[in-house]
Protein chains: 2
Amino acid sequence: MKVVKNVLEMQKIALKLKLSCKTIGLIPTMGALHEGHLSLLTRSTLENDVSIVSIFVNPAQFGPGEDYLKYPRPFKKDQNFCKKNNADYLFAPSVKDMYAESYLTYIKVEKLSEFYCGKFRPGHFRGVTTVVAKLFNISQPNNTYFGEKDFQQLAIIKKMVNDLNFPVNIISCPTIRETDGLAKSSRNVYLNHNERKDANKIHLILKKTANKIQTKQITFAAKAVKFMKISLLKIPKMSVQYAEICDPFTLCSMKKNIKLPARILFAGLLGKTRLIDNIEIRK
Amino acid sequence: MKVVKNVLEMQKIALKLKLSCKTIGLIPTMGALHEGHLSLLTRSTLENDVSIVSIFVNPAQFGPGEDYLKYPRPFKKDQNFCKKNNADYLFAPSVKDMYAESYLTYIKVEKLSEFYCGKFRPGHFRGVTTVVAKLFNISQPNNTYFGEKDFQQLAIIKKMVNDLNFPVNIISCPTIRETDGLAKSSRNVYLNHNERKDANKIHLILKKTANKIQTKQITFAAKAVKFMKISLLKIPKMSVQYAEICDPFTLCSMKKNIKLPARILFAGLLGKTRLIDNIEIRK
């Protein structure tokens with residue numbers, strides 16, 4: 001596995017691979033790699049000639065007062081992880097190389113970026129779409145891999161790719177969970193012992209709600225949301241940012257009768273740690 | 001020459017060309033082709049294996065009340081023009097194919113998009129950068145060709161390409177002029193007989209100002225701007241939107257001493273027709 005830290009070098013390699021008809025899989029990450037990322041990398045190595053893992057803690061997607069500085073950066077560990085799991089390239093550019101001092105260009109997916117997490121993290125998705133477009137242009141992937149845990153992000157990236165005609169397939173992979181149900185996340189390390197013990201309840205409540213909807217015990221969105229919020233707020237130190245039943249494609253929240261398929265989206269703070277999760281409700 | 005009207009078909013052709021190691025030149029236009037476009041196409045045919053001319057009157061770059069509907073669309077004439085001048089593909093997509101009803105994604109180059117024409121045409125450059133990025137992703141060019149007549153547009157596109165890491169060379173070509181000096185433009189057809197007779201004075205005044213600066217008869221920007229504006233306002237039916245001396249890279253307008261190289265940028269209305277022009281002032 002080759003570690004590439006320079007943007008132009010990575011692009012040169014990618015363009016050369018493309019001209020030699022190799023298919024490229026890209027796994028864009030912010031590092032602190034876990035089994036969620038592993039599932040993306042494994043799928044990429046099965047589906048492409050070459051797999052590139054990018055590690056870049058993207059300042060453009062963090063707001064003021066967020067955890068940009070304290071975000072975990074265990075580079076050596078990540079490097080071994082990528083190597084062990086058959087990545088061909090680890091692309092880890094510097095902030096300066098990605099965003100020159102004179103940087104001015106941003107991509108925004110309107111509407112989809114403005115609700116849910118977008119409301120609580122203004123500018124976040126603009127930072128995500130901008131860096132993902134840059135990574136596409138640098139790495140020239142045929143296929144890119146994203147986890148369903150960041151469900152709104154996934155929908156926004158799909159929309160950007162479609163709107164801007166990027167010749168890239170977006171492949172989404174199911175959320176990987178701890179044995180007790182908590183969605184794997186690089187931010188879980190922020191949780192203290194008690195918070196960690198309680199954090200699995202989020203998934204259990206989402207699952208229970210989805211089940212009640214699927215079995216038609218609940219048919220009204222408002223009732224489902226109320227059930228969820230009451231249950232969630234029983235978790236100590238939990239403050240809910242949003243808990244909604246939405247259309248899985250447009251992400252529009254359902255207001256009256258729930259129409260399946262649907263998706264439950266959740267974000268909240270457990271103590272000081274922001275956690276998100278979501279679950280599918282099938283037809 | 002093949003005419004392609006479908007976005008996915010054009011992209012499929014371009015990706016196939018790329019995989020067979022052909023170099024692609026793209027000339028993005030809004031049609032109503034003239035000798036300015038010809039200079040771009042001619043250079044592309046010399047420098048690339050395949051040249052694609054795109055013709056698309058891009059609604060996203062027109063503001064309310066602008067000339068989107070009346071913009072000339074002589075498609076048959078343009079088609080013959082492209083064929084005669086050795087284009088390999090004429091890509092002419094429909095508005096519906098470029099912007100689906102659910103379209104949401106826009107690219108903005110901050111600051112550079114906000115002054116000069118950006119001030120008088122809010123949203124214009126956002127529309128330009130968005131459509132150009134789409135055309136890049138669809139046509140996969142190695143080289144693209146833009147005229148210097150749209151100098152601010154050129155600077156903004158260069159900035160976008162650099163910031164977003166598009167693997168595309170931007171090649172700028174000198175403004176082509178009528179024999180009396182008027183910059184060739186698809187919008188010149190809007191001028192009536194008398195306006196057309198007066199329109200060449202814009203270039204003459206810009207040239208005279210550049211000359212006075214180069215020969216150090218004028219060294220202060222404010223004085224040069226005053227000289228230009230007084231001269232321009234003597235043209236009947238002329239209202240000046242802006243006339244500035246600026247840095248040719250950052251486009252920042254010079255306020256005190258003029259530092260060379262510089263560029264004079266002009267926009268104004270002659271009757272109801274909006275005209276722009278610019279001129280280099282060499283060191």
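Let us begin with helix α3 of chain B, residues 75-84, whose buried residues are Asp78(B), Phe81(B) and Cys82(B). A residue is called buried here if 20 or more other C-beta atoms lie within 10 Å of its own, exposed if 12 or fewer do, and partly exposed in between, with C-beta atoms placed from the backbone. The three buried residues span an arc of only 95° around the axis, which places them on the same side of α3(B). That arc is taken over the directions from the helix axis to the C-beta atoms. On the face turned away from the buried side, α3(B) carries the exposed residues Lys76(B) and Lys84(B).

I should say at once that this is a predicted model: local features need pLDDT of at least 70, side-chain atom pairs count only at pLDDT 80 or more, and totals for chains, interfaces and linings use all residues. Residues are numbered from 1 along each chain as its sequence is written, while chains are lettered from A and ligands numbered from 1 in the order in which they are written. Helices (H or I, at least four residues) and strands (E, at least two) are DSSP runs, numbered from the N terminus.

What do the buried residues of α3(B) pack against? They pack against β3 (50-55) and β4 (89-91) of chain B, where contact requires C-beta atoms, placed from the backbone, within 7 Å. Just after α3(B), Asn86(B) adopts a positive phi of about 70°.

The loop between β4 and α4 (95-98) of chain B holds Ala92(B). Is Ala92(B) buried or exposed? Ala92(B) counts as buried, because it has 22 C-beta neighbours inside 10 Å. Setting aside neighbours within four places in sequence, Ala92(B) is in contact with Val3(B), Lys5(B), Ile55(B) and Phe56(B). From Ala92(B) to Ser54(B) the C-alpha distance is 5.8 Å, although 38 residues separate them in sequence.

I turn now to the two chains together. A turn of 180° and a shift of 0.0 Å along the axis lay chain A on chain B with an RMSD of 0.0 Å. The two copies are therefore related as by a two-fold rotation axis. The superposition is by least squares on the C-alpha atoms of residues with pLDDT of at least 70 in both copies. In chain A, the C-alpha nearest the axis belongs to Ile107(A), 2.2 Å from it.

How many residues does each chain bring to the contact? Chain A gives 26 residues and chain B gives 26. On the chain A side, α1 (7-19), β5 (105-109), α6 (124-139) and α7 each give two or more residues, and β5(A) gives the most, with five. That side divides into 16 nonpolar, four polar and six charged residues. For these classes, Ala, Val, Leu, Ile, Met, Phe, Trp, Tyr, Cys and Pro count as nonpolar, Asp, Glu, Lys and Arg as charged, and the others, Gly among them, as polar. Of the interface residues of chain A, 100% are also interface residues in chain B, so the copies meet through the same surface.

β5(A) pairs with strand β5 of chain B, residues 105-109, in the antiparallel sense over five bridges; pairing requires at least two DSSP bridges. Within this pairing, Val109(A) has Thr105(B) as its bridge partner.

Finally, chain A is assigned domain 1 (2-173) and domain 2 (186-281), with bounds from an automatic or database domain assignment. Their centres, taken over C-alpha atoms, are 26 Å apart.

How values were computed:
Contact = placed C-beta atoms within 7 Å.
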